[in-house]
Each structure stands twice: as C-alpha cells, then as structure tokens.
Amino acid sequence: MSDNHDELRRLSLDFLAQVTANATHEIKNELAVMNEQSHLLQEFLVMADKGRPVDPARLHTLVERIIARVGQADEVVKRLNAFAHSADLKPGALRAEGLLPLTLEMFARRAALKGITVETGSDNIDLPPWADMFLLEAAMWYCLVSASEAADKGAVLRAGLERNDEGLVFWLRGEFNREPEPPQAAILEAMGAAFSADRQELRLSLLK
C-alpha cells in the first residue's frame with residue numbers, strides 16, 4: 001500500500017470525523033435544551049399535583065420551545081443523512097444547488113465558532129459525471145477550514161461552484177488576512193485538482 005494511499009485514507013477518515021463531530025455537537029446542544037425545558041415542564045406538573053395553579057400560557061411556551069428544538073435537531077439529522085447518502089449517488093445525480101448548500105450548512109456551526117459567515121454565491125450547475133463526490137466534498141470542506149482560518153472575525157465569505165472549459169471550479173471569495181492554505185497534497189493528487197489562492201479568492205479546479 002503506497003504512502004499516498006495511506007495519507008488519503010487518513011484524511012478521508014479525518015473529514016468524516018470532523019463532519020460527524022460537528023453534527024453530533026449540534027444535536028447534543030438541542031438535546032440539552034430539550035432536557036432543560038422538559039424538567040421545567042415536569043416541575044409545573046409537580047406543582048399542579050400539589051394543587052398549585054399552573055399558567056397555561058407558560059406551558060404552551062415550554063411545549064413550543066421543545067417542538068422547535070426537535071425540529072432543529074431533525075434538520076441536523078436530515079443533513080447528516082443527506083451527506084451519508086451523497087456518496088451513493090450515481091455520477092452526475094447531485095446538482096450543485098444540492099451539494100453546495102449541503103456543504104455550507106454542514107460547515108455553518110464551525111464558521112459560527114470562527115465568527116464568520118459563508119454565503120452561497122453561484123448559480124445552479126450540474127456536476128460532471130467524472131467528479132468523485134466524496135473527494136469533492138472533502139476538498140470543499142478542507143478549503144472552507146483553510147479559508148475560515150485566514151479570515152478575520154466578522155468576515156463574510158461567498159462560495160460557489162462553476163463549470164468552465166477546463167472542468168469544475170469551487171471558489172471562495174472575501175477578504176483574507178493571508179493566503180489560505182491548500183488542501184492536503186494527497187487529496188489534490190487523487191482528484192487531479194489544482195489549487196490557487198490570494199487574499200481575495202481561493203480556487204480549487206478539478207480538471208477533466
């Protein structure tokens with residue numbers, strides 16, 4: 001087994017670990033709030049058992065908060081499920097309007113921890129059938145990590161996918177305090193991709 005293969009496997013597992021840890025932290029936060037609200041609801045019921053009147057409006061508010069948190073946790077699970085199944089898609093089955101928002105939504109918590117915002121900035125395109133979906137997702141993730149580390153707190157970045165004569169390009173634009181670092185060489189080599197960056201733009205080009 002080659003060193004590059006070992007490195008690519010390690011990076012792939014690291015990418016999966018980062019995405020999973022990010023999503024489970026989000027779910028854990030929602031569960032913590034639901035647990036807190038459920039205990040408050042339980043206290044109201046204990047008060048009612050003792051003959052003390054409970055304000056129905058407060059009960060409604062608690063229940064609505066729990067329902068809202070259940071909905072948010074469900075969105076995280078749906079996102080993680082969509083990511084898991086994206087590797088099963090046939091070549092060309094997932095359009096850019098699916099891949100890009102999915103990747104940005106998965107990265108949103110990490111962006112928030114860095115104090116930056118990443119917005120969608122491209123039109124809809126069909127992904128080429130030769131693109132390896134999993135490696136593309138991993139490369140986009142590592143580009144987002146690199147860009148977020150090169151951006152100042154409060155920065156707003158725009159992300160897009162576009163096709164040109166040379167192939168497929170993932171770009172990130174904004175104001176960086178230094179040139180973002182490229183994804184690891186093993187990923188670029190496996191994808192046949194080229195990387196370039198300056199203080200205004202990062203480009204990951206997948207050649208045909």
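Me: How many salt bridges does a search of the whole structure find?
Reply: The search finds 10 salt bridges. The model is predicted: local features need pLDDT of at least 70, side-chain atom pairs count only at pLDDT 80 or more, and totals for chains, interfaces and linings use all residues. Side-chain values use heavy atoms, without hydrogens and water, and residues are numbered from 1 along each chain as its sequence is written.

Me: Why is the pair Glu 119 and Arg 158 called a salt bridge?
Reply: A salt bridge is a side-chain nitrogen of Lys or Arg within 4 Å of a carboxyl oxygen of Asp or Glu. Here the closest N and O atoms are 3.3 Å apart, so the pair fits the definition.

Me: What does the pair of Glu 119 and Arg 158 tie together?
Reply: Glu 119 lies in strand S1 (residues 117-120) and Arg 158 in strand S2 (residues 156-164), so parts 39 residues apart in sequence are tied together. Strands are DSSP runs of E, at least two residues, numbered from the N terminus.

Me: Is Glu 201 buried or exposed?
Reply: Buried means under 20% relative accessible area, exposed over 50%, partly exposed in between (1.4 Å probe, protein chains only). Glu 201 has 19%, so this residue is buried.

Me: What makes Glu 119 partly exposed?
Reply: Its relative accessible area is 34%. That value falls between the two cut-offs, so the label is partly exposed.

Me: Which residues are linked with Glu 201 in a network of salt bridges?
Reply: Glu 162, Arg 173 and Arg 203 are linked with Glu 201. Within this network, the side chains of Arg 203 and Glu 201 meet at 3.6 Å, N to O.

Conventions. Helix = DSSP H or I, 4+ residues; strand = E, 2+ residues; numbered from the N terminus.
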